[in-house]
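Here are some notes for a colleague who is opening this structure for the first time. They are best read with the sequence and the coordinates side by side.

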Amino acid sequence: MADSVTADPAAPSATRPTGDPLLVLSGVNKHFGSLHVLRDIDLTVHRGEVVVVIGPSGSGKSTLCRTINRLETIDSGTITIDGEPIPAEGRALARLRADVGMVFQSFNLFAHKTVLENVTLGQVKAKKVKPAQARTTAMELLERVGVANQAEKYPAQLSGGQQQRVAIARALAMKPKALLFDEPTSALDPEMINEVLDVMVGLARDGMTMVVVTHEMGFARRAAQRVVFMDAGQVVEEADPETFFTAPRSERARDFLSKILTH
Amino acid sequence: MDPSVIADNMPAFLAGFRLSLQLTLVAGAGALVVGALVAMLRVSPLGSLRAFGAVYTELLRNTPLTLVFFFTVYVLPQFTPFRFFGYAAAVLALTLYTSAFVAEAVRSGINSVGVGQAEAARAIGLTFGQTLTSVVLPQAVRSVIPPLINVIIALAKNTSVAAGFAVVELMATGRRLAQGNPGESIMVLVGVALFYLVITIPAGQLAGALERRVAFAR
Ligand SMILES: Nc1ncnc2c1ncn2[C@@H]1O[C@H](COP(=O)(O)OP(=O)(O)OP(=O)(O)O)[C@@H](O)[C@H]1O
Ligand SMILES: [Mg+2]
């Protein structure tokens with residue numbers, strides 16, 4: 001996969017200051033039946049930090065992402081968000097999920113709702129925002145991601161890139177403390193990848209805390225402070241993007257990088 | 001065979017028809033409510049609720065309707081303070097029995113909506129109930145309506161079981177008229193069949209119309 005982010009002075013992203021620990025995973029284990037998909041994961045993401053998660057297929061990247069807002073439960077270990085442990089099912093969990101936005105590979109926009117309604121629904125239902133206020137916020141966010149002119153359309157009428165930008169707006173509408181992205185561009189046609197990455201880089205610049213599963217090295221270099229390399233359910237290596245892509249320490253990371261670079 | 005036996009006994013036919021229709025509508029409404037609730041139990045995050053929903057559905061779906069009638073009329077009074085006779089027993093038995101089929105139809109409709117839709121709803125902080133009512137059920141409606149109408153059509157025909165439990169609906173009316181007019185029993189039964197068609201054929205057409213409407217509303 002080539003560096004698909006267009007000309008942008010390689011900003012020294014790694015030097016951007018980050019704050020106190022926001023997402024803290026410690027000793028997290030997860031099984032699917034007999035398959036041990038997350039093995040003793042320790043990971044801390046600081047406020048304002050952008051972490052890119054990379055690794056071979058089946059290494060547990062999606063599962064890791066999904067445990068952070070409890071779309072998957074964990075077997076042992078702890079996950080805290082801004083100091084609070086993730087609650088079990090119920091209203092407290094719903095509240096917490098609103099604090100951690102998620103952007104999916106397959107967009108998952110609500111098919112029966114317009115673009116605008118997709119962005120207002122959570123505000124009105126989960127945050128009890130007045131509909132008029134929710135609409136104003138939604139239009140601002142749609143403006144920000146560049147799809148305000150599509151507000152009255154249904155998701156199926158939009159291109160993949162547009163849908164993914166709406167999905168980002170939908171997540172932002174909940175004013176989350178952090179955003180999780182699970183391969184946000186891998187379902188997109190190549191010409192639409194950049195319009196989504198550009199929005200994500202913008203968010204990173206504005207100080208959003210982000211965990212991004214992606215193989216887009218250009219994005220990692222432009223926006224991330226840290227790359228986390230996973231293999232077989234473990235965090236094998238962590239480094240700043242430049243170091244990771246040019247001089248990976250582990251054999252497994254070197255192996256993986258040589259594979260994705262030759263494709 | 002003389003069709004005049006139908007015309008001559010029109011008031012009896014109409015009374016029986018009215019009762020059959022009423023049983024269909026009342027038990028149908030009850031079954032829709034109960035069945036929808038049971039379907040929600042079956043997709044609930046709580047295992048115990050899911051198990052209860054599954055047992056309820058499988059038990060009723062796999063018991064002959066006549067047996068469900070027997071239970072409401074003869075067994076229930078022995079273990080509960082409730083006494084159900086005639087019409088009330090028929091409504092109860094038909095509601096319980098039909099609700100299991102409604103639950104199955106609604107559940108498969110819910111499952112036809114991609115799991116990503118519910119995940120996205122939960123990810124923006126909607127509760128289980130909000131996810132169901134705002135995101136999943138509105139999309140499930142499309143695929144639920146045709147099987148639901150079939151369930152209601154089956155219910156209309158199943159109301160005839162009430163004839164065996166002292167409810168003079170269409171079937172019981174037919175049986176009485178046939179006994180009273182032994183020479184015209186075939187014509188009487190043709191009349192009974194026609195009156196059932198008056199309920200079931202429009203229901204089938206309604207299904208088609210609704211299907212076309214939800215197909216456009218996308
Ligand atoms: N719901 C599930 N039930 C059973 N096994 C699962 C489930 N979800 C994932 N797995 C398995 O867990 C492992 C990790 O999956 P995961 O989706 O987290 O990997 P990934 O790193 O995101 O891979 P990819 O790059 O292909 O998306 C895989 O072996 C996968 O088959
Ligand atoms: Mg994945």
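1. In this predicted model, a backbone N or O atom of Gly58(A) lies 2.8 Å from an oxygen atom of ligand 1. Two side chains also make polar contacts with the ligand: an N or O atom in the side chain of Lys61(A) is 2.7 Å from an oxygen atom of ligand 1, and a polar side-chain atom of Thr63(A) lies 2.5 Å from an oxygen atom of ligand 1. The residues around ligand 1 include the run Pro56(A), Ser57(A), Gly58(A), Ser59(A), Gly60(A), Lys61(A), Ser62(A) and Thr63(A), and they also include Phe32(A), Leu35(A), Val37(A) and Glu183(A).

2. The reader may next turn to the sheet, an open one of six strands in chain A, which follow the order β6-β7-β8-β3-β9-β10 with mixed pairing. Its edge strands are β6 (100–103) and β10 (234–239) of chain A, each of which pairs on one side only. Neighbouring strands in this sheet are turned against each other by 20° on average, with direction ignored. Helix α2 (residues 91–99) of chain A packs on the sheet, where it touches β6 and β7 (178–182) of chain A, and the direction of the helix makes about 65° with that of β6(A).

3. Strand β3 (residues 50–54) of chain A deserves a closer look. It pairs in the parallel sense with strand β9 (residues 226–231) of chain A over four bridges, and its pairing with strand β8 (residues 209–213) of chain A is likewise parallel, over four bridges. As for individual positions, Val50(A) stands opposite Met210(A) in β8(A), Val52(A) stands opposite Val227(A) in β9(A), and the bridge partner of Ile54(A) in β9(A) is Phe229(A).

4. How many of the five residues of β3(A) are buried? Five of the five are, so the strand is largely enclosed by the rest of the structure. Val50(A), Val52(A) and Ile54(A) point one way from β3(A), while Val51(A) and Val53(A) point the other way, and all are buried.

5. In soluble globular proteins, nonpolar side chains tend to be buried together. The largest nonpolar core here has 53 residues, and those touching the most other members are Leu142(A), Ile168(A), Phe181(A), Met200(A), Met210(A), Phe219(A) and Phe244(A). Helix α6 (residues 190–205) of chain A gives the most to this core, with nine residues. A second, separate core of 38 residues includes Val45(A), Leu93(A), Phe110(A) and Leu180(A).

6. Phe244(A) can be followed in more detail: leaving aside its neighbours within four places in sequence, this residue is in contact with Ile54(A), Val227(A), Phe229(A), Glu237(A), Ala239(A), Ala253(A) and Leu257(A).

7. Two backbone positions should be checked by eye. Arg70(A), in the loop between α1 (61–68) and β4 (76–81) of chain A, has a phi near 60°, a positive value in a residue other than glycine. Asp82(A), in the loop between β4 and β5 (84–85) of chain A, has a positive phi of about 55° although it is not a glycine.

8. Are these two residues buried or exposed? Arg70(A) counts as buried because its relative accessibility is 19%, and the cut-off for buried is under 20%. Asp82(A), with a relative accessible area of 27%, is partly exposed.

Technical notes: Residues are numbered from 1 along each chain as its sequence is written. Chains are lettered from A and ligands numbered from 1 in the order in which they are written. This is a predicted model: local features need pLDDT of at least 70, side-chain atom pairs count only at pLDDT 80 or more; totals for chains, interfaces and linings use all residues. Side-chain values use heavy atoms; hydrogens and water are left out. A nonpolar core is a set of buried Ala, Val, Leu, Ile, Met, Phe, Trp, Tyr and Cys residues joined through side-chain atoms within 4.5 Å. Buried means under 20% relative accessible area, exposed over 50%, partly exposed in between (1.4 Å probe, protein chains only). Contact means heavy atoms within 4.5 Å. Two strands pair if DSSP finds at least two bridges between them. Axes are lines fitted to C-alpha atoms, for helices over the stretch in contact, and angles run from 0 to 180 degrees between N-to-C directions. A residue is near a molecule or strand if one of its heavy atoms lies within 4 Å of it. A polar contact is a pair of N or O atoms within 3.5 Å; within protein, one must be able to donate a hydrogen and the other to accept it, and residues adjacent in sequence count only if both atoms are side-chain atoms.
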